[in-house]
Amino acid sequence: MNPPDFQLSADSSPPPPGRALVERRSSAPLTAAPPAFTGFEDEPEGQGVDLRELLQVVIKRRWTIIIFTVIVVAAVVTATNQETPIYRANLTLQIDRDDIKVLAMESPGERFFNGKEYLETQYQLLQSRNLAKRVVDQMGLADRTAAKPAAPSLVSEAKGWLVGLLPGGGGAAPKQPNNQGQATDPAADSARMEGAIGLVLGGLSVAPIEKSRLVRLSYDGPNPQLAADILNNMAKIFINLNLERRFESTTYARNFLQERLQQLKTRLEESERELVDFSRREQIISVDQKESIITGNLAAASAALTDARRKRMTAESIYRQMEDGARGQGLTQVLDSKVIQDLKQSKSKLEAQYQENLGTYKRAFPTMVQLRAQITQIDLMINREIDNIRAATTSEITSNYQAARAEEAMLQTYLDRMTQEVLSLQTRSIPYNILRREADTNRQLYDGLLQRYKEVGVTAGIGTNNISVVDEAKVPRAPYKPNLRKSAMTALLLGLLGGIGLAFLFEHLDDSFRRPEELEKLLDIPMLGVIPKTPPTFGDDRAMALIGHDDQRSIFAEAYRSVRTALQFSTARGAPRLLTVTSAMPGEGKSTTALSLAIQFAQAGKRTLLIEADLRKPSVHRSLKLDNQTGLSNYLTGGEARPLDITRPTHIPNLFAITSGHLPPNPAELLSSARMLDLLSLAAEKFDQVILDSPPLLGLADALIIGNLCEGTLLTVEMGSTPRSYVQGTVKRLRSARVPLLGSILTKQEAQSGGYGYYRSYYYYQHTGYGEPIADQAKKLAG
């Protein structure tokens with residue numbers, strides 16, 4: 001394909017200095033530019049811990065975790081292999097609660113003490129210093145320890161070596177044993193004894209077995225035979241000590257009970273003698289029998305008085321009814337009279353008939369007068385019958401009421417007399433009861449102690465023991481520790497946890513951009529796209545942009561196709577015709593981005609020109625495999641090269657390129673010259689899209705010069721590499737220089753770093769066949 005007519009007309013003149021070579025079409029980016037196409041990624045549902053993000057950090061820092069874990073495991077395994085093997089011998093004891101009770105009575109807390117506290121006491125006795133000392137004496141462990149001193153550790157050897165190097169070091173020589181091989185220093189003997197006791201107690205552990213009377217004794221030591229011997233001897237000595245304590249307690253119980261029996265016998269005789277003397281003096285034969293008779297009479301008198309009082313109240317009620325002003329209608333005889341009940345029933349019927357006729361007749365009507373006369377006649381008959389009944393029962397009611405009052409008064413007098421007799425008997429029985437109670441108490445104590453004394457005497461000669469050996473200690477065959485497998489597994493777990501913690505620490509200290517939303521939030525500019533990191537195929541020396549061109553369905557090509565679509569919506573009139581691509585630092589993918597976007601615009605049918613404006617470290621000509629003998633620098637220096645001479649077609653349809661040429665010593669002066677303005681003005685007229693690959697921004701002025709000559713600038717940021725402060729400084733410089741910044745893209749995003757939404761969208765694109773419709777739709781919207 002031939003390049004367009006790229007000649008400057010004779011009357012063409014460059015624009016005034018300080019102004020863009022073409023009129024910017026809404027050069028400032030839209031305040032609410034549509035984001036880049038990132039696929040069908042789900043929106044976050046709320047704030048909180050993102051497990052997927054944590055997993056991404058772990059995958060990203062996997063080598064840190066693996067290396068740290070390997071170091072920890074290697075260190076622990078090495079240290080474990082250098083440890084002295086320790087053997088553990090086990091012995092099982094059965095401890096039953098069967099001690100001798102000196103007293104038959106139990107206190108409220110004795111039951112609890114006999115269970116849990118008794119067993120806890122035995123556990124503490126097993127770990128007592130006295131028991132350990134007996135074991136050391138019986139086995140001669142003090143002399144055995146002195147004869148075979150422990151091998152010095154590396155720390156003690158280093159300490160001794162350092163002490164020997166000091167002036168006057170070395171210390172005093174140890175004392176030598178005498179001819180019999182025994183140490184002559186008592187302090188040394190005591191020290192060896194204490195060391196042996198500490199050795200026994202230090203390796204001993206007591207572990208009761210739950211829900212049983214069994215206890216497991218364990219001893220850890222470097223000598224397996226010695227560990228088993230210590231446990232077996234300790235069990236025998238402990239059982240013997242328990243028998244000694246039982247015998248001593250039995251002897252003490254017999255002596256104690258014998259003394260108490262003598263004292264109680266004397267007190268019992270005295271209390272019984274005093275009781276007999278008091279009974280003879282007060283002539284009290286049986287207080288209980290006499291008291292029961294008087295108490296029974298008192299109870300009978302009280303019941304009779306209650307019955308008489310009830311009868312009197314009944315008679316009084318009848319008497320009061322007789323004397324009231326209602327002519328005795330409330331009397332029982334009146335209420336029970338059959339004649340009066342019949343008369344009242346007849347009166348009720350007449351009154352009901354009278355009330356019923358009032359609705360038809362007047363009161364003066366003869367029928368009504370006759371009914372009223374009949375009712376009056378019945379009332380007279382009822383009153384006459386009541387008078388007859390009252391006259392007949394008045395004398396009877398009066399006599400019954402008087403008899404009931406007399407009976408009540410007589411019973412009340414009898415009850416008072418019986419009460420006085422009971423009170424008198426109780427007063428005289430107080431001293432007697434005291435003496436009798438004391439005698440009974442002494443008798444009970446004496447009988448209980450006598451029975452206990454006989455029981456102790458019977459069990460005194462029995463040699464049974466409540467502690468026995470269930471399983472003797474056997475010589476262990478394998479060491480208990482160090483456990484290489486357990487140590488390795490623990491080290492592996494700790495190494496993984498520590499490595500993960502170290503990975504998160506490194507991630508926290510990482511000042512680069514790790515997610516697209518961070519870039520958009522911190523820079524306050526639109527995010528136009530995310531470019532995945534695609535490693536090159538082994539043996540393929542093509543540039544990534546060309547690989548994306550050859551495989552248009554690849555993730556890489558789809559990502560830049562999405563950026564091209566976003567650029568078409570970045571301004572009100574579509575994608576800027578003059579577009580420059582820059583970055584904060586070298587190696588962030590700006591040249592690859594410029595070439596890839598040029599390829600995408602060319603594939604969309606636009607005549608595209610790619611200008612290699614990086615006159616310090618160009619790379620586009622190598623990617624396109626173009627000759628760089630003549631290029632942009634040759635034209636800008638005022639040579640004979642014309643725009644048509646430096647414009648070269650590429651093997652990609654609709655794509656032309658201007659290489660950098662020879663590297664000049666003054667790139668900034670050349671880029672700000674009038675010839676650069678003429679070149680860009682002519683390129684904007686002849687091509688549909690012009691893309692410039694500018695140098696990095698920090699420390700250089702080239703990108704600021706080129707940005708002011710173009711309608712829009714695209715900033716590329718490498719994910720996980722470029723510090724945030726550098727990118728923020730770049731944006732600040734661009735804005736200070738009034739460079740129209742369209743947005744940014746995040747390059748070299750790894751699949752494990754958060755690009756799941758993009759890859760899902762590409763999967764949808766690749767497996768549904770909608771690649772071409774999406775591209776056509778973007779082209780239609782851009783046009």
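Hi everyone. Let me start with one definition: a residue is buried when its relative accessible area is under 20%, exposed when that area is over 50%, and partly exposed in between. Keep that in mind, as we will use it several times. Also, please remember that what you see above is a predicted model.

Let's apply the definition straight away. Is Y361 buried, exposed or partly exposed? Its relative accessible area is 33%, so Y361 is partly exposed. F365 also counts as partly exposed, with a relative accessibility of 33%.

Now the overall picture. The chain has 783 residues, and 38% of them count as buried. Its secondary structure comes to 26 helices and 12 strands. If we take the contacts in the chain with a separation of 6 or more, residues 24 or more positions apart account for 83% of them.

Next, the sheets. In general, strands of a sheet pair through backbone hydrogen bonds, and they do so either parallel or antiparallel. One sheet here is open and made of 8 strands, in the order 5-12-11-6-10-7-9-8, with mixed pairing. Strand 5, residues 527–532, and strand 8, residues 647–649, are its edge strands, each pairing on one side only. On average, neighbouring strands of this sheet are turned by 25 degrees against each other, ignoring direction.

Let's stop at strand 7 in this sheet. How many of the residues of strand 7 are buried? The count is 5 of 5, so strand 7 is largely enclosed by the rest of the structure. You can follow the side chains as well: T608, L610 and E612 point one way, while L609 and I611 point the other way, and all are buried.

Who are the partners of strand 7? Strand 7, residues 608–612, pairs with strand 9, residues 655–658, in the parallel sense over 4 bridges. Within that pairing, A657 of strand 9 is the bridge partner of L610, and F656 of strand 9 stands opposite L609. Strand 7 also runs parallel to strand 10, and 5 bridges join the two. There, I611 stands opposite L692 of strand 10.

Helices come in here too. Helix 16, residues 555–568, lies across strand 5, strand 6, strand 11 and strand 12, and runs at about 170 degrees to strand 5. Helix 17, residues 590–603, packs on the sheet as well, touching strand 6, strand 7, strand 9, strand 10, strand 11 and strand 12. The direction of helix 17 makes about 170 degrees with that of strand 10.

On to another sheet. This one is open, with 4 strands in the order 2-3-1-4 and antiparallel pairing. Its edge strands are strand 2, residues 204–208, and strand 4, each pairing on one side only. Neighbouring strands here are turned by 30 degrees against each other on average, with direction ignored. Strand 1, residues 87–95, pairs with strand 4 in the antiparallel sense over 4 bridges, and S468 in strand 4 is the bridge partner of Q94.

Just after that comes a residue I like. Where is P476 found? P476 sits in the loop between strand 4, residues 467–471, and helix 13, residues 484–509. With a relative accessibility of 14%, P476 counts as buried. Now look for Y87: Y87 and P476 are 389 residues apart along the chain, yet their C-alpha atoms are separated by 6.4 Å. Leaving aside neighbours within four places in sequence, P476 is in contact with Y87, R88, A89 and P224.

R88 has a ring to visit as well: R88 lies over the face of Y480, 3.8 Å from the ring centre. A similar arrangement involves R675, whose charged end sits over the ring of Y635, 4.2 Å from its centre.

Helix 13 has a packing partner in helix 1, residues 51–60: they pack at an angle of about 100 degrees, with axes 9 Å apart. Helix 1 and helix 13 are therefore roughly perpendicular to each other. L54, V57, V58 and K60 of helix 1 make the contact with A503, F504 and E507 of helix 13.

Finally, back to our opening pair. Rings count as a pair if their centres lie within 6.5 Å, and by this rule there are 3 aromatic pairs. Why is the pair of Y361 and F365 called stacked? Their ring centres are 4.4 Å apart and their planes are at 15 degrees, so the pair is stacked. The cut-off for stacked is planes under 30 degrees apart. Thanks for listening!

Terms used:
Residues are numbered from 1 along each chain as its sequence is written. This is a predicted model: local features need pLDDT of at least 70, side-chain atom pairs count only at pLDDT 80 or more; totals for chains, interfaces and linings use all residues. Side-chain values use heavy atoms; hydrogens and water are left out. Rings of Phe, Tyr and Trp (its six-membered ring) pair if their centres lie within 6.5 Å; planes under 30 degrees apart count as stacked, over 60 as edge-to-face and the rest as tilted. Buried means under 20% relative accessible area, exposed over 50%, partly exposed in between (1.4 Å probe, protein chains only). A charge sits over a ring if NZ of Lys or CZ of Arg is within 6 Å of the ring centre and within 35 degrees of the ring normal. Contact means heavy atoms within 4.5 Å. Two strands pair if DSSP finds at least two bridges between them. Axes are lines fitted to C-alpha atoms, for helices over the stretch in contact, and angles run from 0 to 180 degrees between N-to-C directions. Angles under 35 degrees count as roughly parallel, over 145 as roughly antiparallel, 65 to 115 as roughly perpendicular and the rest as oblique.
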